[in-house]
Amino acid sequence: MSASAVHSLWTTAATAADPIAKIDAPKIEYGQLSPVLIVLGAAIIGILVEAFVPRRSRYYAQMFVSAVALIAAFAAIVALAAGGYGTTKAGIAAMGAVAVDGPALFLQGTILLTSLVGLFTFAERRLDPEQHGNRVDSFAAQAAAVPGSESEQKAVKAGFTTTEVFPLLLFAVAGMLVFPAANDLLTLFVALEVFSLPLYLLCALARRKRLMSQEAAVKYFLLGAFASAFTLFGIALLYGYAGSMSYGTIAKVVDGTVQNVTPALADTMGNDALLLVGSALIVMGLLFKVGAVPFHMWTPDVYQGAPTPVTGFMAAATKVAAFGALLRILYVVLPGLRWDWRPVMWGVAIVTMLAGAIVAITQTDIKRLLAYSSIAHAGFILAGVIATTPEGISSVLFYLAAYSFVTIGAFAVVTLVRDAGGEATHLSKWAGLGRRSPLVAAVFAVFLLAFAGIPLTSGFSGKFAVFKAAAEGGAAPLVVIGVISSAIAAFFYIRVIVLMFFSEPRPEGPTVAVPSPLTMTAIAVGVAVTVVLGVAPQYFLDLAGQAGVFVR
């Protein structure tokens, strides 16, 4: 057959089928996706700043771009909420990939505000003594240099700083914004990777104790890769079961309300093993991110080894994003499996609360102590998840908002207590801190009391809301165990307060560095939120209540 004949056949076939007409252009609601797009755009600008702006100006340029982006994205969230996208106009955007509803907007707003406060701690440059006439931050002078090598010493002498941490922070935030709003399993997985990979890098960048920091990053990366693999495998099994990635479609298949069942779908729908194993694997991946027992092994090592500003940001923002995604999976995709997942979650919540509280008592490092405390808090929040009522959702949203600011504030205080080797995180060095620096010790005591859930702090309002929802949702025994673990946890929080105020300060003890206004702002915001949500929580509880309805 001649070439011209083949060509004419091909053009005839093309005209007959007209494939171009069949491909619809995707319909993207840019306005509803604007918070994520602003942060992603700023992250890309941050990379260009690294490439083109002279080294001495990069820090200020990055700081400006990041702060403006986070504020603008938060303004976009407020505008969407004011436009009714959290309530009456809630819907699915971006071809079914992202939900724009109350829980998504509330959690995104919380993530953006905590990230802005976290950004201030990232940018802090007054805590370490000046090196070779240059102010330095918490991050390595040159990330690629081997710790202790000649190239590292040269980088320190030259006054280099790793300003790449700002775009990395923005990429992580962008992933976290999509994660709780994802409305199909593929978007969920992409968002998981987008926020995890920058965090793995950030954990390895500590200026002091670099080997420990790199070890923490490797542990986090390996365990995180396992968790991501479990999640991906679970996604594959759920897709095999329901023949769709979309949350709504999977929920209909699980409930048995799906229309037009094909013979292939009828075959897989009858196979409950695919559904149960797939759901279990996805939930396992999310529980890893939350730091629930038995998927908590990475938490203490990573919290201790990572640079403290990164630990604070990660402890606050990752929990908010991961709990948001977990709520959406359990309440939107698997409500038909409630009788299967509730008993499992009961077990996870009980073990998490008790293990976090009991193991924390034995800790001697303040960052590890806060890590186990965060594990116990994951258990308390799971009590609200188990409630399976609208009050359950709103109590979890409120708890996450309250908890995240306390956490960032507490880790910001940890950065201030220093000795010759950098941060003094060993508990014995905090003895007598209340006499040496009463204000810092008092602020830290406020945060510890909030963690313990003492009345008139945000921690009490959050715990009360979560336990009330759990009790009304039929999980009263869980509340009893929660109260017992709170009492155990209160012991070690109060022990630290006693250590600070009622012990003799050591003569060679650490000093409290005077921070720049950036860290002062971060700590002040933490204290303000802790007190306001503790004394007058009703407005914010109502806000969380209005935002507590998922779009299906």
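Begin by selecting helix 15 (residues 338–360) together with helix 16 (residues 366–386) in this predicted model; the two pack at an angle of about 155°, and their axes lie 8 Å apart. Because angles over 145 degrees count as roughly antiparallel, helix 15 and helix 16 are described as roughly antiparallel to each other. If you turn the view so that one helix lies in front of the other, the crossing to look for is a left-handed one.

Next, display the side chains where these two helices meet. On the helix 15 side, the residues in contact include Trp341, Arg342, Met345, Trp346, Thr352 and Met353, with Gly356 and Ala357 also among them. On the helix 16 side, the partners include Leu369, Tyr372, Ile375, Gly379, Phe380 and Leu382, and Val385 and Ile386 belong to the contact as well. Colouring the contact of helix 15 with helix 16 by residue class should give 18 nonpolar residues, three polar ones and one charged one.

For a second helix pair, move to helix 4 (residues 55–82) and helix 7 (residues 165–178), which pack at an angle of about 20° with their axes 9 Å apart. Angles under 35 degrees count as roughly parallel, and helix 4 and helix 7 are therefore roughly parallel to each other. The crossing of helix 4 and helix 7 is left-handed. Select Tyr59, Gln62, Met63, Ser66 and Leu70 in helix 4, and you will find them meeting Phe166, Pro167, Leu170 and Val173 in helix 7. By class, this contact of helix 4 with helix 7 holds seven nonpolar and two polar residues, and no charged residues.

Now turn to helix 9 (residues 210–242) and show the side chains of Glu215 and Lys219. These two form a salt bridge in which the closest N and O atoms are 2.7 Å apart. Lys219 and Glu215 are four residues apart in helix 9, so about one helical turn separates them. Across the whole model, the count comes to 15 salt bridges.

Finish at the strands, by selecting the open sheet of three strands, whose order is 4-3-5 and whose pairing is antiparallel. Strand 4 (422–423) and strand 5 (511–512) stand at the edges, each with a single partner strand, so one side of each has no neighbour in the sheet. Strand 3 (residues 417–419) runs antiparallel to strand 4 and is joined to strand 4 by two bridges. To see one bridge pair, pick Asp419, whose bridge partner in strand 4 is Gly422.

Methods: Residues are numbered from 1 along each chain as its sequence is written. This is a predicted model: local features need pLDDT of at least 70, side-chain atom pairs count only at pLDDT 80 or more; totals for chains, interfaces and linings use all residues. Side-chain values use heavy atoms; hydrogens and water are left out. Axes are lines fitted to C-alpha atoms, for helices over the stretch in contact, and angles run from 0 to 180 degrees between N-to-C directions. Angles under 35 degrees count as roughly parallel, over 145 as roughly antiparallel, 65 to 115 as roughly perpendicular and the rest as oblique. A crossing is left-handed if the near helix is turned anticlockwise from the far one by less than a right angle, and right-handed if clockwise. Contact means heavy atoms within 4.5 Å. Ala, Val, Leu, Ile, Met, Phe, Trp, Tyr, Cys and Pro count as nonpolar, Asp, Glu, Lys and Arg as charged, and the others, Gly among them, as polar. Two strands pair if DSSP finds at least two bridges between them. A salt bridge is a side-chain nitrogen of Lys or Arg within 4 Å of a carboxyl oxygen of Asp or Glu.
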